[in-house]
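Work through the exercises below with the sequence and the 3D structure open beside you. Try each task before reading its solution.

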Amino acid sequence: MASPLQSVTVLAPAKLNLSLDVVGLLPGGYHALDMVMQAVDLYEQVTIRRSQDLLVRAPGSRVPTGPKNTAYKAALAFFHYTGLLAGADITLRKAVPVRAGMGGGSADAAAVLVGLNALYGARLSMSELCALGASIGADVPFALMGGTCRVQGLGDLIRALPPCPACWFAVIMPGYGISTPAAFAAYDQVGSPTHPDCAAQEAAIRAGDLAGLCAAAGNALETCAGGADTASLKEALLAQGAMAALMTGSGAAVFGLFDSRQKAQAAAHALADRGRQVFALGLDRGGARVIRTGR
């Protein structure tokens, strides 16, 4: 009989919002969203080892690692749901900017759910993992699924789409982050002039129409989220040849969409500056997945 796994390492991709609309309010004051989301090739790497205790560490990062950390919350939710009397020693290798709107914390939570499921042989289905993920954060179910998806409601209504037409992204993270609760609170106060057509964007993706995808891109939180550089960064990306430029999530990262890797890389190089993080990224087809195991 094979010895049980002692450790797993999971990769979970960051995401970009190709569109984000706020379409109403749900019970409890939550916002109903309509979004098209795309996983990209920037990854959180999470290693989980068997333990009797629950410990999260993030070497080299200032991210809090206590009970408010999404990885910690995901582990608690997993053990509560499965009834396993066990623990985990979790190491986060952070790569996604914090408070960027790129889903780094959600990727960590998704990685923990996938990793614990493999480490302890719990055999939870994707539906079960997504339900657990939704209890942790709105973007966690997508981080589990990955690829290209239409995401609605609280983030719990997900429809997988065909792969996005070939494209690349130049992403700029200014030297500050944006609080998601603050961005939505500001939206409640002032609303937004921007309401992208997510249905049209879905249709464009299904048709393989990159120009149509770009024409339907937009983010209803852009004007209220408080990013001082959002407008100027969008203008700079468009000047570099981006087919579309917008903020992702609740910010503060802004990205341009390009029809070639070379153009995205050239734009990222041209816009690199002190105090910014700049990335040239491609598509990722999957969600959180185990890449290594140890016995």
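The exercises that follow deal with a predicted model, and each one is solved step by step.

**Exercise 1. Work out the strand order of the open sheet of four strands, and find its edge strands.**

Step 1. Begin with a general point: strands of a sheet pair through backbone hydrogen bonds, in either a parallel or an antiparallel way.

Step 2. Reading across the open sheet of four strands gives the order 9-10-7-11, and the pairing is antiparallel.

Step 3. An edge strand pairs on one side only, and this is the case for strand 9 (244-247) and strand 11 (277-281).

Step 4. Neighbouring strands of this sheet are turned against each other by 15 degrees on average, with direction ignored.

**Exercise 2. Describe how strand 7 pairs with strand 10 and strand 11, and which helices pack on the sheet.**

Step 1. Strand 7, which covers residues 168-173, pairs with strand 10, residues 254-258, in the antiparallel sense over five bridges. Two of the residue pairs can be named: W168 has F258 as its bridge partner in strand 10, and I172 has V254 as its bridge partner in that strand.

Step 2. Strand 7 and strand 11 also run antiparallel and are joined by five bridges, with A170 standing opposite A280 in strand 11.

Step 3. Return to the pairing of strand 7 with strand 10, which has five bridges, and look for the helices. Helix 8 (residues 230-239) packs on the sheet and touches strand 7, strand 9 and strand 10, while its direction makes about 20 degrees with that of strand 10. Helix 9 (residues 261-271) packs on the sheet as well, where it touches strand 7, strand 10 and strand 11, and its direction makes about 15 degrees with that of strand 7.

**Exercise 3. Decide whether strand 7 is enclosed or open to the outside, and explain why.**

Step 1. Sort the residues by the way they point: W168, A170 and I172 point one way from strand 7, whereas F169, V171 and M173 point the other way, and all of them are buried.

Step 2. Because six of the six residues of strand 7 are buried, the strand is largely enclosed by the rest of the structure.

**Exercise 4. Find the residues with the most contacts inside the largest nonpolar core, and the strand that gives the most to this core.**

Step 1. The largest nonpolar core has 61 residues, and those with the most contacts inside it are M102, F169, V171, L213 and L237.

Step 2. Strand 2 (residues 31-51) gives the most to this core, contributing seven residues.

Step 3. Take L237 as a sample: leaving aside its neighbours within four places in sequence, L237 is in contact with A170, I172, A242, A245, V254, F255, G256, F258 and L271.

Step 4. There is also a second, separate core of 37 residues, which includes V10, F78, L119 and L124.

**Exercise 5. Describe the largest pocket and the largest cavity, and name the element that gives the most to each lining.**

Step 1. The largest pocket holds about 1,400 Å³ of space. Its lining consists of 45 residues, of which T70, S106, G137, T180 and P181 lie nearest its centre.

Step 2. Helix 2 gives the most to the lining of this pocket, with four residues.

Step 3. For cavities, a search of the whole structure finds one of 30 Å³ or more, and the space in the largest cavity is about 40 Å³. Its lining is made of P13, A14, K15, M102, G103, S106, D139, F142 and A143.

Step 4. The largest share of this lining, three residues, comes from strand 1.

**Exercise 6. Classify Q201, R99 and R123 as buried, partly exposed or exposed.**

Step 1. Q201 lies in helix 6 (residues 198-207). Since its relative accessibility is 0%, Q201 counts as buried.

Step 2. R99 is found in the loop between strand 4 (87-93) and helix 2, and because its relative accessibility is 48%, R99 counts as partly exposed.

Step 3. R123 has its place in the loop between helix 2 and helix 3 (126-134), and because its relative accessibility is 78%, R123 counts as exposed.

Note on methods
Residues are numbered from 1 along each chain as its sequence is written. This is a predicted model: local features need pLDDT of at least 70, side-chain atom pairs count only at pLDDT 80 or more; totals for chains, interfaces and linings use all residues. Side-chain values use heavy atoms; hydrogens and water are left out. Two strands pair if DSSP finds at least two bridges between them. Axes are lines fitted to C-alpha atoms, for helices over the stretch in contact, and angles run from 0 to 180 degrees between N-to-C directions. Contact means heavy atoms within 4.5 Å. A nonpolar core is a set of buried Ala, Val, Leu, Ile, Met, Phe, Trp, Tyr and Cys residues joined through side-chain atoms within 4.5 Å. Buried means under 20% relative accessible area, exposed over 50%, partly exposed in between (1.4 Å probe, protein chains only). On a 1 Å grid over the protein atoms alone, a cavity is a set of points where a 1.4 Å probe fits but cannot get out, and a pocket is an open set with protein on both sides within 12 Å along at least five of seven lines; lining residues have an atom within 4 Å of a point. Grid points are joined across faces, edges and corners, and a volume is the space filled by probe spheres set on the points.
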